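Okay, thanks for coming, everyone. I'd like to walk you through a structure you haven't seen before, so let me put it up on the screen.

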Amino acid sequence: MECSRPVLDRHSPRRYQLQWKECRKEKLMASRQKLLLLLMALSFAVAVFAQQSTVKKGPAPYTTASSGKEMYKAYCASCHGPDGKGNGPAASALKTPPADLTQIASKNGGKFPQSHIYEVIRGEANTPAHGSAEMPVWGPVFRSISGGHQAEVQLRINNLTNYVESLQKK
Ligand code: HEC
């Protein structure tokens, strides 16, 4: 929703100032989000481009939100590999090697950190501990694919998290 210049109230110019400031901040954030989305699309294009020579041509297909496996194949396997071991066709084009997704539980004392991985995939949490420039931020991408439906975005990330969990080495 776009904000607009608030109506000037002679009796409380301070409030007007605050509202306008808030509004401009919102606008700035919206434009930052657009930039982020653009960057995402670009890095995706790189991954798809790198994939073209070895696998198949074409943009990433729309996938159903109900299948973690299908989404994984469409959005993740190019970097993390079909089995999650980090050997996807686009991996060699990256500076940071894609994580081996089958080792997450064993690196975490045998327990799969569900909500942490959910946040890593969403990519928008303000935790400095993770997230390199090369692991795409999926939250905005799924929001765009899902037409902004928050429940569908959550379903997508949940199903992806469950799928990644199913890849763990026992
Ligand atoms: C463009 C390549 C690329 C794509 C596509 C990609 N990733 Fe990643 N991913 C990375 C890289 C690189 C890292 C390692 C980041 C780091 O070490 O800072 C990573 C890290 C991760 C991690 C953290 C693993 C850990 O041990 O903490 C998870 C989970 C993950 N990716 C899941 C996914 C999922 C799910 C998808 C698809 C929706 C996906 N990735 C798509 C490149 C990619």
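Before we look at how helices pack here, one bit of vocabulary: a helix axis is a line fitted to C-alpha atoms over the stretch in contact, and the angle between two axes runs from 0 to 180 degrees, taken between N-to-C directions. Please also keep in mind that this is a predicted model.

So, the overview. The protein has six helices and zero strands, and reading from the N terminus the order is simply α-α-α-α-α-α. There are 170 residues, and 21% of them are buried. If you take contacts between residues at least 6 apart in sequence, 50% join residues at least 24 apart.

Now to the packing. How do H2 and H6 pack against each other? H2 is residues 68-80 and H6 is residues 150-166, and their axes sit 8 Å apart at an angle of about 90 degrees. Angles of 65 to 115 degrees count as roughly perpendicular, so H2 is roughly perpendicular to H6. On the H2 side, the contact uses Gly-68, Lys-69, Met-71 and Tyr-72, and on the H6 side you have Arg-156, Asn-159, Leu-160, Asn-162 and Tyr-163. Sorted by class, that contact has four nonpolar, three polar and two charged residues.

Let me pick one of those out. Asn-159 sits in helix H6. Is Asn-159 buried or exposed? Somewhere in between: Asn-159 has 19 other C-beta atoms within 10 Å, and buried takes 20 or more, so Asn-159 is called partly exposed. Setting aside residues up to four places away in sequence, Asn-159 touches Ala-65, Ser-66, Ser-67, Gly-68 and Met-71. The Ala-65 one is fun, since those two residues are 94 apart along the chain, yet their C-alpha atoms are separated by 7.6 Å.

Another residue from that contact is Tyr-72. Leaving out neighbours within four places in sequence, Tyr-72 is in contact with Ala-77, Leu-160 and Tyr-163. Tyr-72 also turns up in the largest nonpolar core, which has 21 residues; Tyr-72, Ile-121 and Leu-160 touch the most other members. Who supplies this core? H2, H4, H5 and H6 each bring at least two residues, and the largest share, six residues, comes from H2.

That takes us to H4, residues 114-122. Which residues of H4 are buried? They are Ile-117, Val-120, Ile-121 and Arg-122, and these pack against H3, H5 and H6. Right after H4 comes Gly-123, with a positive phi of about 75 degrees.

H4 has its own crossing with H6. Their axes come within 9 Å and cross at roughly 120 degrees. That angle falls outside the perpendicular range, which ends at 115, and isn't over 145 either, so H4 is oblique to H6. The crossing is right-handed. From H4, the contact involves Gln-114, Ile-117, Tyr-118, Ile-121 and Arg-122, and from H6 it involves Ile-157, Leu-160, Thr-161 and Val-164. By class, that works out as six nonpolar, two polar and one charged.

H3 is residues 104-107, and Ile-104 lies in that helix. Ile-104 has 21 C-beta neighbours inside 10 Å, so Ile-104 counts as buried. Apart from residues up to four places away in sequence, Ile-104 touches Phe-112, Ile-117 and Gln-168. Ile-104 and Gln-168 are 64 residues apart in sequence, and 7.0 Å apart in space, C-alpha to C-alpha.

Last stop, H5 and H1. H5 covers residues 138-145, and the buried ones are Trp-138, Gly-139, Pro-140, Val-141 and Phe-142. After H5 you find Gly-147, whose phi is positive, near 60 degrees. Pro-140 also gives us a link back to the other end of the talk's list: Gln-33 and Pro-140 are 107 residues apart in sequence and 7.9 Å apart in space, again C-alpha to C-alpha. Gln-33 is in helix H1, residues 13-52. With 14 C-beta neighbours inside 10 Å, Gln-33 counts as partly exposed.

If you take one picture away, take H6: H2 packs on H6 at about 90 degrees, and H4 crosses H6 at roughly 120 degrees. Okay, over to you for questions.

Key:
Residues numbered from 1 in each chain as written. Predicted model: local features only at pLDDT ≥ 70, side-chain atom pairs only at ≥ 80, totals over all residues. Helix = DSSP H or I, 4+ residues; strand = E, 2+ residues; numbered from the N terminus. Parallel < 35°, antiparallel > 145°, perpendicular 65-115°, else oblique. Contact = placed C-beta atoms within 7 Å. Nonpolar A, V, L, I, M, F, W, Y, C, P; charged D, E, K, R; others polar. Buried ≥ 20, exposed ≤ 12 C-beta atoms within 10 Å, placed from the backbone. Core = buried A, V, L, I, M, F, W, Y, C linked by C-beta atoms within 7 Å. Left-handed = near helix turned anticlockwise from the far one by under 90°.
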